[in-house]
Amino acid sequence: MVTIILPTKNEESCIGATITKIREVCDSPRIIVVDGNSTDSTVKIAEENGIEVIYDHGLGKGEALRCAFDHVNDDVIFLDVDGTYPIHSLPDFIDALDTYDLVVGERVEFAGDALPKLFLIGDIISRGLFQVLYLSRVDNLSGLRGIKREALEKLSLESDDFGIETEITAKAVRLGLNIKKIPIVYNVRTGNSKFRPIQDGIIVLRAMFRYRIKKLS
Ligand SMILES: Nc1nc2c(ncn2[C@@H]2O[C@H](COP(=O)(O)OP(=O)(O)OP(=O)(O)O)[C@@H](O)[C@H]2O)c(=O)[nH]1
Ligand SMILES: [Mg+2]
């Protein structure tokens, strides 16, 4: 069984459409929203759509995802609700979780202006550095992933912030987990980004080095 986890913070412009699209392509999916105390109608729209909503403790996307991982006992898939990730590919992620520990939506194409120049440069640096440090080519920032429950236990995640995807990727590589990359197109975002290029860029870099040297049990 797989639970689809949707982290949200003020995403009223896209949460409804995302839920509808997931239901169109997945057979009776279990979906939960983990919300970061949105001040708009995000939670209301999710609940009107019959979705269970839980809340993080205000520390960031990483903490939100960890709350959701703890809340369920299933394998998990998580993705941004902002329209950037291809929902039609979710069945491939669900299938891949039969065989793989970690399934990563590898962003191989950026549609239109999906990533502004500064973000694109940051993304190239991040992926290049990850490859140098971990000798592995995986999209360490992709926000569309599936993780098997047993793998989640092994990862012992601790990031509160936007370092979470890098932590997952780094630990999965170092622990020798079975990783499947599914090529995806990254689309233009609906609504406002929560990613702050400088602060969050530094957080990602810190995670990259921390999980290179940290002793893993
Ligand atoms: N629960 C919760 N969700 C968050 C928090 N911060 C961001 N999110 C959600 O996590 C997802 C990723 O945030 P984004 O703002 O899309 O960040 P990003 O994908 O790096 O940046 P873009 O490329 O601009 O989309 C979105 O669905 C957000 O609503 C938070 O503190 N708590
Ligand atoms: Mg996003």
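Q: What makes β1 a mostly covered strand in this predicted model?
A: In this predicted model, seven of the seven residues of β1 are buried, a label that requires 20 or more other C-beta atoms within 10 Å of a residue's own. The burial extends to both faces of the strand, with Val2, Ile4, Leu6 and Thr8 on one side and Thr3, Ile5 and Pro7 on the other. In a regular strand the side chains alternate between the two faces of the sheet.

Q: How do you know that β1 pairs with β4 and with β2?
A: Two strands pair if at least two bridges are found between them; β1 is joined to β4 (residues 75-78) by four bridges, and to β2 by six, so both connections meet the criterion. The pairing is parallel with β4, and parallel with β2 as well. Ile5 can be followed to each side, since it stands opposite Phe78 in β4 and has Ile32 as its bridge partner in β2.

Q: Which residues of β4 are buried, and which way do they point?
A: Asp75 and Ile77 point one way from β4, Val76 and Phe78 point the other way, and all of them are buried.

Q: What makes β6 a paired neighbour of β4 and of β5?
A: The threshold is at least two bridges, and β4 is joined to β6 by three, in the antiparallel sense. Three bridges likewise join β5 (residues 102-110) to β6, again with the strands running antiparallel. Gly146 in β6 appears in both pairings, standing opposite Ile77 and opposite Val103.

Q: Why are β3 and β7 described as standing at the edges of the sheet?
A: The open sheet has seven strands in the order β3-β2-β1-β4-β6-β5-β7, and its pairing is mixed. β3 and β7 (179-186) each have a single partner strand, so one side of each is left without a neighbour in the sheet. Neighbouring strands of this sheet are turned against each other by 25° on average, with direction ignored.

Q: Why is α5 called roughly parallel to α8?
A: Two packed helices are described by the angle between their axes and the distance between the axes. Helix α5 (residues 117-134) and helix α8 (residues 197-213) pack at an angle of about 5°, and their axes are 10 Å apart. Angles under 35 degrees count as roughly parallel, and the angle found here therefore makes α5 roughly parallel to α8.

Q: Which residues of α5 and α8 meet, and how many of each class take part in the contact?
A: From α5 come Leu118, Phe119, Gly122, Ser126, Leu129, Phe130, Leu133 and Tyr134, and these meet Pro197, Gly201, Val204, Met208 and Arg212 in α8. By class, this contact has nine nonpolar, three polar and one charged residues.

Q: What is set down about phi for Asn37 and Leu135, and why is each residue called exposed?
A: Most residues other than glycine have a negative phi. Asn37, which is not a glycine, has a positive phi of about 50°, and Leu135, also a residue other than glycine, has a positive phi near 50°. Asn37 lies in the loop between β2 and α2 (42-48), while Leu135 is found in the loop between α5 and β6 (145-147). A residue counts as exposed with 12 or fewer other C-beta atoms within 10 Å; Asn37 has 12 such neighbours and therefore counts as exposed, and Leu135, with 8, is exposed too.

Q: Is Glu153 buried or exposed, and how do you know?
A: Glu153, found in helix α6 (residues 149-155), has 9 other C-beta atoms within 10 Å and is therefore exposed. Glu153 and Phe69 are 84 residues apart in sequence, and their C-alpha atoms are 9.8 Å apart in space.

Q: Which residues of α3 are buried, and what covers them?
A: The buried residues in α3 are Lys61, Gly62, Glu63, Ala64, Leu65, Ala68 and Phe69. Their cover includes β1, β2, β3 (52-55), β4, α6 and α7 (164-174).

Q: What makes up the shell around ligand 1?
A: Ligand 1 is surrounded by 20 residues, of which the closest are Gly36, Ala64, Ser193, Lys194 and Phe195. The elements giving two or more residues to this shell are β1 (2-8), β2 (30-35) and α3 (61-71). By class, the shell has five nonpolar, six polar and nine charged residues.

Technical notes:
Residues numbered from 1 in each chain as written. Chains lettered and ligands numbered in written order. Predicted model: local features only at pLDDT ≥ 70, side-chain atom pairs only at ≥ 80, totals over all residues. Near = placed C-beta within 6 Å. Nonpolar A, V, L, I, M, F, W, Y, C, P; charged D, E, K, R; others polar. Axes fitted to C-alpha atoms, helices over the stretch in contact; angles between N-to-C directions. Parallel < 35°, antiparallel > 145°, perpendicular 65-115°, else oblique. Contact = placed C-beta atoms within 7 Å.
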